[in-house]
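Visitor: I would like a close look at one part of this structure, the surroundings of the DNA. Please go step by step.

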Protein chains: 2
Amino acid sequence: MSTMTDARLPRYYLIRDELHKRILNGEWKPGELIDAESALADRYGVALGTMRKAIAQLVSEGFLERRHGVGTFVRRANFESSLFRFFRFTSASGERVVPESQILDLRVVPANEECARHLELSTGDELIAIKRLRLLEHKPVQFEEIYLPKTLFEPLLETPAESLPALLYPWYEECCDQVVASAHEELSVEKVSVEHAHLLGIETGDPVILIERLAHDIAGRPIEWRRSRGAAERFRYHIDIR
Amino acid sequence: MSTMTDARLPRYYLIRDELHKRILNGEWKPGELIDAESALADRYGVALGTMRKAIAQLVSEGFLERRHGVGTFVRRANFESSLFRFFRFTSASGERVVPESQILDLRVVPANEECARHLELSTGDELIAIKRLRLLEHKPVQFEEIYLPKTLFEPLLETPAESLPALLYPWYEECCDQVVASAHEELSVEKVSVEHAHLLGIETGDPVILIERLAHDIAGRPIEWRRSRGAAERFRYHIDIR
DNA sequence: TACTTATACTCCTATATAGGACTGTCAACC
DNA sequence: GGTTGACAGTCCTATATAGGAGTATAAGTA
């Protein structure tokens, strides 16, 4: 709770930290109304403008939300938003679609060197390994290999594979108490292997997009390593430069 | 944008519009220093805080950039995030290099439907079309097709192709008074054609990354349409989410 | 010449204050 | 009972003012 504030930092920033702490330690819960900015300014002994700047900071960081004439609220965590950058499938009508999931394999395996490195484990540590196809209109669009540290995802082993949902992250949260808060994605292209061509229903030698993806929890610990392959043909990615 | 200011809008927002106009109409060019905020506050007859808020708005929109103790500048496009940066173009010593340019063709052509659409011209309007190879240690790594509206780039036609630099945007700025202020890039993958395979020195059927880029001036008018192809093997894109 | 210092300019933080704009509630009215 | 309107509470805009912090340049000094 250190008020050992570094005096060289601006005041509004120190107050941002104080408020931030009160959110993180649960004093103000998601969705709740916090004190009025004028009250907070008094309470912290700063001018209104300074308090507003501190709050504005937290708003821009996504922790708070203001409603004119009503109050300032702790923002509900908004996962689901788009922790995926690539492979966002859209239907003919243009809206986002979640491909169905068909589990091909689910077993406990010892971590190989690559998985261990990414998940920050030791080679040989137990992992849950999932292989699955993602389908759109019953046609395969993606083949995924997913690796999870067994210690964190025990409940998954007591779940029949058929009842795992297509969207895994909400399920991780509900059943394993593991929240994915950030991710790193790497995209490359390869010529499809015979095995993958067969799974994806494309010609041998066609290009596939390979996405390697490491997901982290709030504390930044890696909790899921995933490799997805899909036909490159329809793939598009775009960015704006300013 | 327009001075038909709606008095119901906040003042700082109206001033944002005024400043925005001065940027768009070229009074302040990209990279240039604008007036001090105190001077602007006087000039527009508002308090300093109000002017700062207007400027903050434009900063967050990416039009301006502040430098403490120095001044406020019109922001230049930052190509750090360009998709091109994810091609592995490194010299033997390991540092990033700008591939050399070898012009294969430069001529005036009538716009086809696709170019006309992107550049917001009419089919048949005159374009300057450039085809060139990008080389690294004398080996081709990228093939580019570039289309420019002839009316904006006349000086280019009086320049011998050999003397065009590898980096064109600074040259556009210097010789044609055209500043690239933003761009849109789209990535896709294709199996290389026989022609491109030959140019790039790769096997027929190998995957290539196709990047299409539309560059705009400060007012948002399209000024260059570019299509680049490079071996997918050298390409690896990565991104942090959240 | 080479280094230090002054200084003048920039943006940045912070205060105190006044009133406007928006929202939800509750009492008064028809 | 349903509508209206006052009201209190919230965030929002705007002003005026003071001094701090960072930067570049020019003047002064060894």
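Guide: We begin at DNA strand C, then follow one helix inward, and end in the protein interior. Keep in mind that this is a predicted model.

Start with the surface. DNA strand C has 20 residues around it. Arg11(A), Ala47(A), Thr50(A), Arg52(B) and Arg66(B) come nearest. Both chains are thus on that list. Now look at the DNA side. Of the atoms of DNA strand C that come within 4 Å of the protein, 82% belong to sugar and phosphate.

Three side chains show the detail. Thr50(A) places a polar side-chain atom 2.4 Å from a phosphate oxygen of DNA strand C. For Arg66(B), the distance from a polar side-chain atom to a phosphate oxygen is 2.8 Å. His68(B) faces another kind of atom: a side-chain N or O atom lies 3.2 Å from a base oxygen of the strand.

What kinds of residue make up this surface? Near DNA strand C there are 7 nonpolar, 7 polar and 6 charged residues. Four elements each supply at least two of the residues: α1 (11–24) and α3 (48–60) from chain A, and β1 (64–67) and β2 (71–74) from chain B.

Follow α1(A) next. This helix has 14 residues. From first C-alpha to last it reaches 20 Å, close to the 20 Å expected. Many of its residues are buried, including Leu14(A), Ile15(A), Glu18(A), Leu19(A), Arg22(A) and Ile23(A). In an α-helix, residues three or four places apart point the same way, because there are 3.6 residues a turn. The cover over the buried residues of α1(A) includes α2 (37–44), α3, β1 (64–67) and β2 (71–74) of chain A. After the helix comes Gly26(A), with a positive phi near 85 degrees.

Now go to the interior. In soluble globular proteins, nonpolar side chains tend to be buried together. Here, the largest nonpolar core has 61 residues. Tyr172(A), Tyr172(B) and Tyr237(B) touch the most other members. Apart from that core lies another, of 16 residues, among them Leu19(B), Tyr44(B), Met51(B) and Ile55(B).

One last residue is worth finding. Ser228(A) sits in strand β10 (residues 222–231) of chain A. Its relative accessible area is 5%, so Ser228(A) is buried. Its side chain joins that of Glu144(A) in a polar contact of 3.1 Å. Ser228(A) also touches Phe143(A), Ile209(A) and Ile211(A), among others.

Terms used:
Residues are numbered from 1 along each chain as its sequence is written. Chains are lettered from A and ligands numbered from 1 in the order in which they are written. This is a predicted model: local features need pLDDT of at least 70, side-chain atom pairs count only at pLDDT 80 or more; totals for chains, interfaces and linings use all residues. Side-chain values use heavy atoms; hydrogens and water are left out. A residue is near a molecule or strand if one of its heavy atoms lies within 4 Å of it. A polar contact is a pair of N or O atoms within 3.5 Å; within protein, one must be able to donate a hydrogen and the other to accept it, and residues adjacent in sequence count only if both atoms are side-chain atoms. Ala, Val, Leu, Ile, Met, Phe, Trp, Tyr, Cys and Pro count as nonpolar, Asp, Glu, Lys and Arg as charged, and the others, Gly among them, as polar. A nonpolar core is a set of buried Ala, Val, Leu, Ile, Met, Phe, Trp, Tyr and Cys residues joined through side-chain atoms within 4.5 Å. Buried means under 20% relative accessible area, exposed over 50%, partly exposed in between (1.4 Å probe, protein chains only). Contact means heavy atoms within 4.5 Å. The expected span of a helix is 1.5 Å times one less than its number of residues.
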